[in-house]
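Okay, thanks for squeezing me in. I'd like to walk you through one model, so have a look at the sequence and the structure first, and then I'll talk through the contacts.

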Amino acid sequence: MYDPNDEFSLLSRRTMLAGGVTLGIAGSLASCSRAAPNAENQAEAGGLIRERGIPQDTATRVAMMRRMRLRSDAGPVFWYFRGRNYAQQGANLIPICELVFGAFMMVEPKPDGTMKVVQYELGFRSPLDSAKRAEQLLNPITGEMIDLPFAPVGPTHITYDQNNTLQLPSKIGGSTFTLEHVPEVFYRVGNTVTFQTHSRATAETPGQPTRVLNDMSMISSPEHEALDPNLHFASAMAYGGDVTDYARWLKMPAGAGTQTLRSVGEKVSRYEDMPEDWRTMLAEADPEMAADPIAGLSRDAAEYRN
């Protein structure tokens, strides 16, 4: 059975689309194809080994992803992450700062199988090994003290199509975004179900360098929740590994590499279950939003400043 989401399939499709078939690549394709019958036999015996017991039909998989990542019925969703940002120069990682990030959203499934979401995202940064929000931060590459802006993203109105592919508006907070969706990859590990997400967005802001943002995560839920068709909201944790161009406010010189984030997070169903430090910092920065976050989703989008 052919798996269109397999990483090798993605690689080979992109290679052929790019016209990059060289002798070296052809040799790699040949060696991999010799292993394909064995993989097909494994699939015919009950699906790919890494997907043991995970349904194969599109509608069931979409419902599973929605209950894990967001929810499959109408209502609010809250996510938070803790992590560390690094400057990435080749294989060298240089710690920049700590991050506590929060997002909340309202989900509205539509009769045609699409899903509308409006969401607000906000990260607070602090010096390494500190939990106190910083107004300024030392850039470890340039040695310069830089200002940290209050830079929420949204509220942003997005859509997931019938196949659960994210559709962004053309502009978010005055910046133009184009998005490439990489198909999800599924894993069954122990008593958990996990799927890998990856979207690659290009942000263009007048007067600013263009940014490329690879937003990646591994979202995991207990198998009895992920696979339950009667459950709308599965508990979930996520591990992030984003790779992006530097945030513009970091004032990195050209050729200084890229930025990466390692993080771990949790989905919760109530604002009160978001981390207390994040809620406190939001209340200090934007009391009106903190007092009624769901009502705040009806605001106009803030200027994109990341």
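**A walk through the sheet and its contacts**

Let me start with one side chain: Glu98 has a relative accessibility of 16%, so it counts as buried. Keep in mind that this is a predicted model. Glu98 has a partner, Arg84, and the two side chains meet in a salt bridge with 2.5 Å from N to O. That contact links distant parts of the chain, with Arg84 in strand E1 and Glu98 in strand E2, 14 residues apart. Arg84 comes out at 22% relative accessibility, so this one counts as partly exposed. The cut-off for buried is under 20%, so Glu98 at 16% falls on the buried side of it.

Now the backbone. What is the bridge partner of Arg84 in E2? Glu98 again. So the two residues of this salt bridge are also bridge partners across the strands. E1 covers residues 75–89, and 15 bridges join this strand to E2, the two running antiparallel.

Zooming out to the sheet. Which order do the strands take? Reading across, the order is E7-E6-E3-E2-E1-E13-E12-E11-E10-E9-E8, an open sheet of 11 strands with antiparallel pairing. At the edges sit strand E7 (166–167) and strand E8 (171–172), each pairing on one side only. As a reminder, strands of a sheet pair through backbone hydrogen bonds, either parallel or antiparallel.

Moving along the sheet, E10 (residues 192–204) and E11 (residues 211–222) are antiparallel too, paired over 12 bridges. Thr202 stands opposite Val212 in E11. These two strands make a hairpin with six residues between them, and there Gly207 takes a positive phi near 80 degrees. On to the next pair: E11 and E12 run antiparallel, joined by six bridges. Here Met218 stands opposite Tyr239 in E12.

Tyr239 turns up again on the surface. Together with Met237 and Val264, Tyr239 makes a nonpolar surface patch of about 260 Å². Met237 is found in strand E12, residues 236–244. With a relative accessible area of 38%, Met237 is partly exposed.

Okay, aromatics. How many aromatic pairs are there? The count comes to 10 aromatic pairs. The one I'd like to show you is Phe104 with Tyr271, which is edge-to-face, 6.3 Å centre to centre and 90 degrees between the planes. Phe104 lies in strand E2 (residues 92–109), while Tyr271 is in the loop between strand E13 (258–268) and helix H5 (276–285), so this pair ties together parts that are 167 residues apart in sequence. Is Phe104 buried or exposed? Buried, at 0% relative accessibility. Tyr271 is buried as well, with a relative accessible area of 13%.

Phe104 has another ring partner, Trp278, again edge-to-face, with 6.4 Å between centres and 75 degrees between the planes. Trp278 is in helix H5 and Phe104 in strand E2, so the parts tied together by this pair are 174 residues apart in sequence. Both Phe104 and Trp278 are buried. And there's a wider group around them: Phe78, Phe104, Tyr120, Tyr271 and Trp278 form one aromatic cluster.

Last stop, charges. A search of the whole structure finds 10 salt bridges, and we've already met Arg84 with Glu98. Now look at Glu51, which forms a salt bridge with Arg50, the closest N and O atoms being 3.3 Å apart. Glu51 also has a salt bridge with Arg61, where the closest N and O atoms are 2.9 Å apart. Arg61 lies in helix H3 (residues 58–69) and Glu51 in the loop between helix H2 (23–44) and H3, so the pair ties together parts that are 10 residues apart in sequence. How accessible are they? Glu51 is at 2% relative accessibility and counts as buried, and Arg61 is buried too, with a relative accessible area of 8%. Sharing partners, these salt bridges join Arg50, Glu51 and Arg61 into one network.

The two arginines of that network have ring contacts as well. Arg50 lies over the face of Tyr187, 5.7 Å from the ring centre, and Arg61 lies over the face of Phe186, at 4.1 Å from the ring centre.

That's my tour, so over to you.

Notes:
Residues are numbered from 1 along each chain as its sequence is written. This is a predicted model: local features need pLDDT of at least 70, side-chain atom pairs count only at pLDDT 80 or more; totals for chains, interfaces and linings use all residues. Side-chain values use heavy atoms; hydrogens and water are left out. Rings of Phe, Tyr and Trp (its six-membered ring) pair if their centres lie within 6.5 Å; planes under 30 degrees apart count as stacked, over 60 as edge-to-face and the rest as tilted. Helices (H or I, at least four residues) and strands (E, at least two) are DSSP runs, numbered from the N terminus. Buried means under 20% relative accessible area, exposed over 50%, partly exposed in between (1.4 Å probe, protein chains only). A charge sits over a ring if NZ of Lys or CZ of Arg is within 6 Å of the ring centre and within 35 degrees of the ring normal. Patches are made of residues with over 30% relative accessible area and no salt bridge: like charges are joined within 9 Å, nonpolar side chains (Val, Leu, Ile, Met, Phe, Trp, Tyr) within 5 Å. Accessible areas come from the Shrake-Rupley method with a 1.4 Å probe; for residues, only the protein chains shown count as cover. A salt bridge is a side-chain nitrogen of Lys or Arg within 4 Å of a carboxyl oxygen of Asp or Glu. Two strands pair if DSSP finds at least two bridges between them.
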